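Open the model in your viewer and keep the selection panel at hand. Each stop below says what to pick and what is there.

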Amino acid sequence: MKKNLFIRCIFALAVTSLLYACAKDKGYYSPMAKEPVYKGNLYSYLKSKPGVYDSLVKVIDRIGLQKKLQDSTVTLFALTNANFQLAVQNLNNTLNVSDKPAQYLNSVKYEILDSLMCQYIIQGRISSDSLTNQDGKDVLGIRYGYPMHIGLNRQASSGYMNGGPTIVDFSDTRRSVFNRNWVTTETSSLNIQTDNAVVHVLNPDHVFGFNKFVSQIIYIPPPENLFKTIGGVGSASKETSGGPNAVEASKYVFDGNPETKFFLSSPGQFYIQWDFLVAVAANSYTLRSANDIQQRDPTDWTLQGWNEETSKWDLLDTKKDEAFDERFQLRVFFFTNTRAYKTYRLNIARMYGGSDFQLADWTMNRNQ
């Protein structure tokens with residue numbers, strides 16, 4: 001009898017303890033994740049992980065960022081070897097198609113590595129906790145102040161919203177205020193602490209450079225911009241509703257600034273035109289897509305030059321079903337021409353997927 005009573009008392013005590021623990025944690029156990037800590041500076045931490053950050057260290061050494069990572073307070077969105085391997089593989093696949101020699105991190109132009117790598121390093125410590133209760137954070141990359149964006153992303157788990165792991169979204173804004181134009185990657189590990197930095201590790205499927213690595217290396221600068229070297233006056237057959245001084249007026253398609261644009265609402269067919277100070281033989285031109293949706297990009301157009309001898313427009317180039325794959329994308333179009341014209345006209349016939357029109361820049365060029 002006494003033995004049974006003793007067993008019952010022990011059982012009751014165990015149940016009471018269990019209920020108290022559940023009440024304390026509101027029915028579940030939620031352990032605090034301990035953030036990894038490295039005793040040393042950021043550069044030393046990266047060097048201490050052979051097989052993980054070898055490519056990152058190589059790039060940092062090439063562009064001279066060792067001291068910055070040793071004694072400055074920064075946040076690093078760390079790229080692993082896999083991130084660089086994907087970028088180099090994509091580059092060499094493209095170069096191989098053109099029968100060009102392969103390139104690697106030790107041969108790529110310094111300027112390209114420098115500008116792209118600096119996007120991943122942000123001044124100051126930014127842990128995931130600091131992003132709670134705010135709609136992301138606009139930040140600037142070191143050295144060149146390139147605009148990036150950091151946002152907290154809580155995943156779903158077992159049917160519970162925000163009950164899963166926390167990740168951070170890291171975005172290249174492409175200098176656009178519209179997040180639909182951003183390129184975003186995610187973290188696989190968060191809040192690694194060093195003496196002078198916070199490290200967030202990016203997913204292994206992220207390609208170094210936010211898809212700009214290949215395009216910048218194979219990019220061929222456009223020929224001489226005749227709008228600048230010869231001079232003249234630009235005009236358009238239709239003006240934006242706000243008039244010639246509005247924020248999206250026709251004058252901005254000639255200014256060479258990718259962050260401004262010419263916008264028209266349902267214009268139908270129209271043209272933009274440039275009158276040079278003297279006649280000049282152009283044999284190429286450029287168009288740059290604007291910041292907003294692709295549907296507004298021109299897709300069909302013709303280029304003409306005014307022939308003063310015949311008093312007629314000569315057809316110089318025709319394009320149909322063209323597409324701009326990216327925002328702020330600069331494309332160069334070449335055509336055969338040796339005649340000097342004082343006036344060139346770009347006739348816009350159709351937009352990519354709607355009736356509204358936009359274009360950041362147009363130039364006439366000469367390839368020597």
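## Stop 1: Val88

Select Val88, which sits in helix α5. The model is a predicted one. Is Val88 buried or exposed? Its relative accessible area is 12%, under the 20% cut-off, so Val88 counts as buried.

Now show what surrounds this side chain. Leaving out residues up to four places away in sequence, Val88 touches Gln103, Tyr104, Leu105 and Phe213. Pick Gln103 and measure from C-alpha to C-alpha: Val88 and Gln103 lie 7.5 Å apart in space, with a sequence separation of 15 residues.

## Stop 2: helix α6

Move to residues 110–117, helix α6. Which residues of α6 are buried? They are Ile112, Leu113, Asp114, Leu116 and Met117. An α-helix has 3.6 residues a turn, so residues three or four places apart point the same way.

Next, colour the elements that cover these buried residues. The cover includes α5 (81–97), the helix from the previous stop. It also includes α3 (54–63), α7 (213–218) and the strands β1 (74–78) and β2 (121–123).

## Stop 3: the nonpolar cores

Met117 leads on to the largest nonpolar core, a set of 54 residues. Met117 is among its members with the most contacts inside the core. Select the others in that group: Leu42, Leu46, Leu56, Tyr120, Phe208 and Phe213. Phe213 is also a contact of Val88.

Centre on Leu56. What does Leu56 contact, beyond its neighbours within four places in sequence? Look for Leu46, Leu76, Ala78, Leu79, Phe84 and Met117.

There is a second, separate core, with 29 residues. Phe262, Tyr344, Met351 and Met364 are among them. In soluble globular proteins, nonpolar side chains tend to be buried together.

## Stop 4: the seven-stranded sheet

Show the strands as a cartoon. Seven of them form an open sheet with mixed pairing, in the order β2-β1-β7-β6-β5-β4-β3. Which strands stand at the edges? They are β2 and β3 (137–140). Each has a single partner strand, so one side of each lacks a neighbour in the sheet. On average, neighbouring strands here are turned by 30 degrees against each other, direction ignored.

Zoom in on the β3 edge. Four bridges pair β3 with β4 (residues 147–154) in the antiparallel sense. Pick Lys137 to see one of the bridges: its partner in β4 is Ile150.

## Stop 5: the five-stranded sheet

Now find the open sheet of five strands, ordered β9-β11-β16-β13-β14. Its pairing is antiparallel. The edges are β9 (232–236) and β14 (312–319), each with a single partner strand, so one side of each is left without a neighbour in the sheet. Neighbouring strands of this sheet are turned by 20 degrees against each other on average, direction ignored.

Select β16, residues 341–351. Why is β16 described as largely enclosed by the rest of the structure? Because eight of its 11 residues are buried.

Take the two partners of β16 in turn.

- β11 (residues 270–280) runs antiparallel to β16, joined by seven bridges. Tyr271 has Asn347 of β16 as its bridge partner.
- β13 (residues 298–307) also runs antiparallel to β16, again with seven bridges. Pro298 stands opposite Met351 in β16, and Met351 belongs to the second core.

Continue outward to β14. Seven bridges pair β13 with β14 in the antiparallel sense. Gly305 stands opposite Asp314 in β14.

## Stop 6: Arg288

Select Arg288, in strand β12 (residues 284–288). Residues up to four places away in sequence aside, Arg288 touches Pro258, Phe328, Gln329, Leu330, Leu359, Ala360 and Asp361. How far apart are Arg288 and Asp361, C-alpha to C-alpha? The distance is 5.1 Å, across 73 residues of sequence.

Turn to Phe328 next. Its backbone oxygen lies 3.2 Å from a polar atom of the Arg288 side chain.

## Last stop: the whole chain

Zoom out. The chain has 368 residues, and 44% of them count as buried. There are eight helices and 18 strands. Of the contacts with a separation of 6 or more, 71% are between residues 24 or more positions apart. Add the surface to finish: the chain exposes about 19800 Å², and carbon and sulfur atoms supply 52% of that area.

Methods. Residues are numbered from 1 along each chain as its sequence is written. This is a predicted model: local features need pLDDT of at least 70, side-chain atom pairs count only at pLDDT 80 or more; totals for chains, interfaces and linings use all residues. Side-chain values use heavy atoms; hydrogens and water are left out. Buried means under 20% relative accessible area, exposed over 50%, partly exposed in between (1.4 Å probe, protein chains only). Helices (H or I, at least four residues) and strands (E, at least two) are DSSP runs, numbered from the N terminus. Contact means heavy atoms within 4.5 Å. Two strands pair if DSSP finds at least two bridges between them. Axes are lines fitted to C-alpha atoms, for helices over the stretch in contact, and angles run from 0 to 180 degrees between N-to-C directions. A nonpolar core is a set of buried Ala, Val, Leu, Ile, Met, Phe, Trp, Tyr and Cys residues joined through side-chain atoms within 4.5 Å. Accessible areas come from the Shrake-Rupley method with a 1.4 Å probe; for residues, only the protein chains shown count as cover. A polar contact is a pair of N or O atoms within 3.5 Å; within protein, one must be able to donate a hydrogen and the other to accept it, and residues adjacent in sequence count only if both atoms are side-chain atoms.
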